Amino acid sequence: MSQDLVYLDYAATTPIDLRVVEAMQECLTGDGAFANPASIHIAGRRAAAIVDSAREQLAELLDARPERLIWTSGATESDNLAIRGAATARAHRGKHLITMPTEHKAVADTFRALAREGFEVTWLSPDDNGLLSTELLADAIRDETQLVSVMHVNNETGVIQDICAIGELCRSRGVLFHTDAAQSVGKLEVDLRNLPVDLLSLTAHKFYGPQGIGALYIADRPQCSVLPIMFGGAQEKRLRPGTLPVHLIVGAGVAASLAGDEREVDLAHVAALRDRLWAGIAAIPGLTRNGREADCYPGILNVSVAGVEGESLLLGMEPVCVASGSACNSTSGEPSYVLRSLGRSDADAQSAVRFSFGKLTTEDDIDTAIERYRRSVEHCRSMSPVT
Amino acid sequence: MAASEPYNEEVRALFENPFHAGDLQGVYPETLTADVSESEHGARLVLYAGIDDGKIAEIRFRAFACPHLVAAAEVVCREAEGGKLSELPTIKANELMERLSVPVGKTGRMLLIEDAVEKLHAQSGCAG
């Protein structure tokens, strides 16, 4: 990591593991698996074999069958394919869909687009801690409901939804269940042999793999039919056309393999860092933790602070790299819609900072973040007319 | 300034050293106050002008605002201090936006500067 910055934005993207880089580099030269895996000549077949090997590595991480994984460009594309593909495939049965306002925009905006095309979408609000009540979900499911989408770990707060209970409920009511697991795969155990999940989106760059490669898991059940949303080739079971990026897929496979081996150690590491950070800032007057500790993935800590403007807070924290409460709306400066959905005021949402850590984060990084955060809060408050 | 760099060097310097941040409560017998806000982003700016013999002897600001508006407020204070109250309206938001490389999307917030200055000026008949 560059010495002139402290990177605490692992929930946005992780640095690539050097072991992943090494494996990818081997693909990128004339001696490597550079060929098109769809080609039937020897070089193409070699590339296809490497793609299959990476698929097996990812499948092992998820305890899934390799043939149930479709390579995509990332979680956003996976979300679009899963939601639009499943909704349109089942539209003849009914056009009612269910999701939450705290979903990532890749999910929420896909549902909004479907709503404009004649689907009916029910938006279930979380409780004050960001969790979905299964009773609320049970009441919302109707005979014509076809799909429920609830993310596993929230990208802003780290809140972990009980996707096992949600999935079981959906199965019992004959409804497909999709989860955006971009923030959990490679970090928490995701065991698709036992989880009642029909569709799952993931991306490699959240677990030390390269950007630009992800996957969609589709359960091996007759109900799990998905229609393609792009056209132009027979790749990936005709669900996702386009030449496969072999070096990215190799990177995703190696990253998945490493995540499986190191997940427990990484989890303990980020939990210790999260506790150290919280201990260092908890005494700041007016501080609110967004998401209850027991409900959250420990690699994310989201806090709001009263009387402080978010953008100024972030500038005052440089060179510590964190996400603001308006991270997904940085051009508009709008307060986080996720935090507003949890009942936070606009001011609290706007002052929110998301710290997220990973395996390269050190205690020194956390100590620097504590010092810069405290100093920036003090600086902003010294100028503020808000008392 | 690179397109990916949101703040130019002057904004960074002004934000880090806002010498005029604060208020003048109880310092001058005649202190004018202009309190303006913008609901969309919750920005708020308060200017305090200590008047002595028709001049702005001292001026301070308080801001709940983004770094650009903080920097703009500091510029206004530095330029206004010691001058005549009647000269304040020559400060224009668009000129400040150009000088501080403020994104167009922040025009609404930057207009708070003009609003605050106009409020001070409107009170000038009562001053000194």
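**Entry 1: the sheet of chain B**

I began at one residue pair in this predicted model, and found that B:D35 stands opposite B:V46, the latter lying in β2(B). I then looked up how the two strands around that pair are joined, and noted 8 bridges between β1(B) and strand β2 of chain B, residues 43–52, with the two running antiparallel.

Next I asked myself in which order the strands of this open sheet of chain B are arranged. I wrote down β1-β2-β3, that is, 3 strands with antiparallel pairing. At the edges I found β1 (31–38) and β3 (55–64) of chain B, each of which pairs on one side only. For the turn between neighbouring strands of this sheet I recorded 15 degrees on average, with direction ignored.

I also checked what packs on the sheet, and it is helix α2 of chain B, residues 67–80, which touches β2 and β3 of chain B. The direction of this helix makes about 175 degrees with that of β3(B).

**Entry 2: confidence**

Before reading further I looked up the scores, and noted that chain B averages a pLDDT of 88, with 94% of the residues scoring at least 70. In chain B, I found confidence lowest in helix α4 (residues 107–122), at a mean of 90, and highest in helix α1 (residues 9–16), at 96. I keep in mind that predicted coordinates should not be read in detail where pLDDT is low. For the complex, the predictor gives an ipTM of 0.91 and a pTM of 0.92.

**Entry 3: chain A**

I turned to chain A and listed 11 helices and 13 strands. Its radius of gyration is 21 Å, close to the 21 Å that the globule rule gives for 387 residues, so I noted chain A as being as compact as a globular protein of that length. Along the principal axes, the C-alpha trace of chain A spans about 65 × 55 × 35 Å.

What share of the residues of chain A counts as buried? I found 51% of the 387 residues. Among contacts in chain A with a separation of 6 or more, I noted that 73% come from residues 24 or more positions apart.

**Entry 4: where the chains touch**

Last, I looked up the contact, which takes 14 residues from chain A and 16 residues from chain B. On the side of chain A that touches chain B, the elements giving two or more residues are α8 (310–317), α10 (346–350) and α11 (363–383) of chain A. I sorted the residues of that side of chain A by character, and they divide into 5 nonpolar, 6 polar and 3 charged.

Key
Residues numbered from 1 in each chain as written. Chains lettered and ligands numbered in written order. Predicted model: local features only at pLDDT ≥ 70, side-chain atom pairs only at ≥ 80, totals over all residues. Contact = placed C-beta atoms within 7 Å. Helix = DSSP H or I, 4+ residues; strand = E, 2+ residues; numbered from the N terminus. Nonpolar A, V, L, I, M, F, W, Y, C, P; charged D, E, K, R; others polar. Pairing = 2+ DSSP bridges. Axes fitted to C-alpha atoms, helices over the stretch in contact; angles between N-to-C directions. pLDDT = per-residue confidence, 0-100. Rg over C-alpha atoms; globule rule 2.2 N^0.38 Å. Buried ≥ 20, exposed ≤ 12 C-beta atoms within 10 Å, placed from the backbone.
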